[in-house]
Amino acid sequence: MLQYTIRRMLLIIPTLWAVVTVVFFLIRIVPGGPAVAALGTYATEEQIRALEHQMGLDRPIIVQYGTFLADLCRGNLGKSLITRRPVIQEIVQALPYTVDLTASGLLLGILMGVPIGIFTALRRNRPPDYLGRVGSLIGISMPEFYLGILLMYVFAVRLNLFPVIGGGDLKDWGSRLYHLILPAFTLGIIMTAFISRMTRSSMLNVIGEDYVRTARAKGVSERMVVYKHALRNALIPTTTVIGLYAGVLMGGSVLTEIVYSRPGLGKMMVFAVKDRDYMTLQMVIVIFSAAVSLLNLLTDILYGLIDPRIEYR
Amino acid sequence: MAKTNRKGLILYTFKRNKTSVLGVIMAVIIVCLAILAPWVSPYDPIDQNVKLQYASPSSAHLCGTDGYGRDEFSRILWGSRVSLVVGIASVLFSMVCGIPLGVIAGYKGGRVDNVVSRFNDIFMSFPIVIFGLLILAIMGPGLFKIITAIGVALTPRIARLARGSTLSVKEMPYIEAARAVGQRDTKILVLHVLPNIFGDILVMGTLWIATAIIVEASLSFIGLGVRPPTPSWGSMIRDGLDQLTNAPWLSVFPGLAIFLTVFSFNLIADGLRDIADPKLRG
């Protein structure tokens, strides 16, 4: 188990390296390049040359790539082209807002989605099932930012229960939570839709299995059948889906942050695009991709904890 | 199962599924409105009228007017064009690139499969919205660029699906038979593999159209959509967000349009999936 975990973690490194490489080269094919972007279109030829030299952009691209990788390994992520501060500092500042949001969104999605999925599967083709199915379809058809705006309009603008924008004070837990509730529910409701759908369909698959029929035939109570025999097996595909929708979660967090003006990584990324701050942009994208890979790893490990039939090799 | 028989069954199952029929009806109405936008929209979508800034919804302006006094309802009708064109074109783009990649990887196996699958894994670790954002950050905004950005982001997903389906079709006796009579690989792929994996891809294709529409709206919302003044639902919501307190209709109605469009495609995909996987029917 431990060996497997370590090996899987090591396998993330080549993926991350590939992601970094793709982002590095994609960004360097921009016409004009970061120097022009940083100085604006009115800069003189000499100014651009000077800055390119200073940033090392006049060297062959392979040399630049080597330096970039070497710096990356030493934890030097470069400086923001706009604020001139080290990118790592900016990321550390923004990270808690994004982690709060994605973690609570995922947690809410699991806490609401799994029970709804079980409940509707057990009442298949009856009113609660129809309601659940339509509800989840509505959820997956709803862009995160639209749901965010609707919740904001009702609960923040009209009812005045929550703040409209901002991320709150990180050191003050009350304010941090207060600012988190609406964004977390925005993301959580979307995740609930995905997770409840998957739980329902895998639950239905499992209920038709022979071992569930056997358990019922030998007189095991319905409660035990559901929780011991069916649910445990149904959770396996559901766990995978959490990994599968890691991308939805990350993309959703970016949009939710923009709606609520949370100063997290998503907002930072969008500003980096607007300001053509490529140093910041490439690192934030790498972080999001790393998060997706890590969530996938986590679900693979969880997989084995839920299903003892799976062997780690 | 014989081909005609299967088609009949598909149609039968689909018709019995009332929600997917509703989805088809909704989608047809939306597509018709998009095509007929120049004739059915009551006003010119980019015609400004300073006297009518932020007018609330009324019989003259069903969805109110925006900060330039432009009729929101007409803008929503015209905006449907961007959403549908991007949704459908980007999925077609990803099919044109992804199906050959996946089919060849699945059919050839070995090293080819390894290389294609590794690339897929790498590109799939980028969330779609974030990958689209990266591509648009590089290329700048514009209709064709959005289609390319979303199409490229969806390509590995389609390739993966095509690969999986090819792997199962590959083992079928008719492929073996085709090979036994000495048919060339290209002929086998085009004549036998492609038609048999097309069902799976169609279901997912419909689902990806829904996703592509959401991604387009998201990118426009971020500000990387088609250039103004062309109306697009995502950018209309973004423009309306500042006025959420005074003019909530500016965000609520375009959002509703996105939701209904995506919902109709999801309903269709749901019905198609029930056909593909009868176990989950019901």
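This is a walk through a predicted model of two chains, A and B, from the overall build of each chain to a few individual residues.

Let's begin with chain A. Its secondary structure consists of 13 helices and zero strands, so the order of elements from the N terminus is simply one α after another, α-α-α-α-α-α-α-α-α-α-α-α-α. The C-alpha trace of chain A extends over about 85 × 55 × 35 Å along its principal axes. Of the 313 residues in chain A, 40% count as buried. If you take the contacts of chain A with a separation of 6 or more, 71% of them are between residues 24 or more positions apart.

Chain B is likewise built from helices, with eleven of them and zero strands. Reading from its N terminus, you will meet α-α-α-α-α-α-α-α-α-α-α. Its C-alpha trace spans about 75 × 45 × 30 Å along the principal axes, and buried residues make up 48% of its 282 residues. In chain B, residues 24 or more positions apart supply 71% of the contacts with a separation of 6 or more.

Now bring the two chains together. On one side, 35 residues of chain B take part, and they are in contact with 41 residues of chain A. On the chain B side, the elements giving two or more residues are α5 (110–124), α6 (128–139), α9 (185–222), α10 (233–241) and α11 (249–276). Which of these gives the largest share? That is α11(B), with nine residues. Sorted by class, the side of chain B that touches chain A has 25 nonpolar, seven polar and three charged residues.

From the interface, we can turn to the interior. The largest nonpolar core has 149 residues, and those with the most contacts inside it are A:Met269, A:Val284, B:Ile130, B:Leu133, B:Ile150 and B:Ala212. The names in that list come from both chains. Helix α9(B) provides the largest share of this core, 16 residues. B:Leu133 is a good place to stop and look around. Setting aside its neighbours within four places in sequence, B:Leu133 is in contact with B:Leu219, B:Ile222 and B:Leu224, and also with A:Val273 from the other chain.

Two helix pairs of chain A are worth a closer look. The first is α5 (residues 87–122) with α6 (residues 127–140), which pack at an angle of about 140° with their axes 8 Å apart. That angle makes α5(A) oblique to α6(A), because the roughly antiparallel class covers angles over 145 degrees. The crossing of these two helices is left-handed. Where they meet, α5(A) brings A:Ile116, A:Phe119 and A:Thr120, while α6(A) brings A:Pro128, A:Asp129, A:Gly132 and A:Arg133. By class, this contact has three nonpolar, two polar and two charged residues.

The second pair is α11 (residues 246–260) with α12 (residues 265–274), again in chain A. Here the angle is about 80° and the axes are 7 Å apart, which makes α11(A) roughly perpendicular to α12(A). A:Ser253, A:Val254, A:Glu257 and A:Ile258 in α11(A) meet A:Gly266, A:Lys267, A:Met269 and A:Val270 in α12(A). The contact has four nonpolar, two polar and two charged residues. You may recognise A:Met269, which is also among the residues with the most contacts inside the largest nonpolar core.

In the loop between α11 and α12 of chain A you will find A:Ser261. What is the phi of A:Ser261? It is near 50°, a positive value in a residue other than glycine. Most residues other than glycine have a negative phi. A:Ser261 counts as partly exposed because it has 15 C-beta neighbours inside 10 Å.

We finish with a loop of chain B, the one between α3 (37–40) and α4 (72–108), where B:Lys51 is found. Is B:Lys51 buried or exposed? With 7 C-beta neighbours inside 10 Å, it counts as exposed. B:Lys51 and B:Gly69 are 18 residues apart in sequence, and their C-alpha atoms are 6.9 Å apart in space.

Definitions and conventions
Residues are numbered from 1 along each chain as its sequence is written. Chains are lettered from A and ligands numbered from 1 in the order in which they are written. This is a predicted model: local features need pLDDT of at least 70, side-chain atom pairs count only at pLDDT 80 or more; totals for chains, interfaces and linings use all residues. Two residues are in contact if their C-beta atoms, placed from the backbone, lie within 7 Å. Helices (H or I, at least four residues) and strands (E, at least two) are DSSP runs, numbered from the N terminus. Ala, Val, Leu, Ile, Met, Phe, Trp, Tyr, Cys and Pro count as nonpolar, Asp, Glu, Lys and Arg as charged, and the others, Gly among them, as polar. Axes are lines fitted to C-alpha atoms, for helices over the stretch in contact, and angles run from 0 to 180 degrees between N-to-C directions. Angles under 35 degrees count as roughly parallel, over 145 as roughly antiparallel, 65 to 115 as roughly perpendicular and the rest as oblique. A crossing is left-handed if the near helix is turned anticlockwise from the far one by less than a right angle, and right-handed if clockwise. A nonpolar core is a set of buried Ala, Val, Leu, Ile, Met, Phe, Trp, Tyr and Cys residues joined through C-beta atoms within 7 Å. A residue is buried if 20 or more other C-beta atoms lie within 10 Å of its own, exposed if 12 or fewer, and partly exposed in between; C-beta atoms are placed from the backbone.
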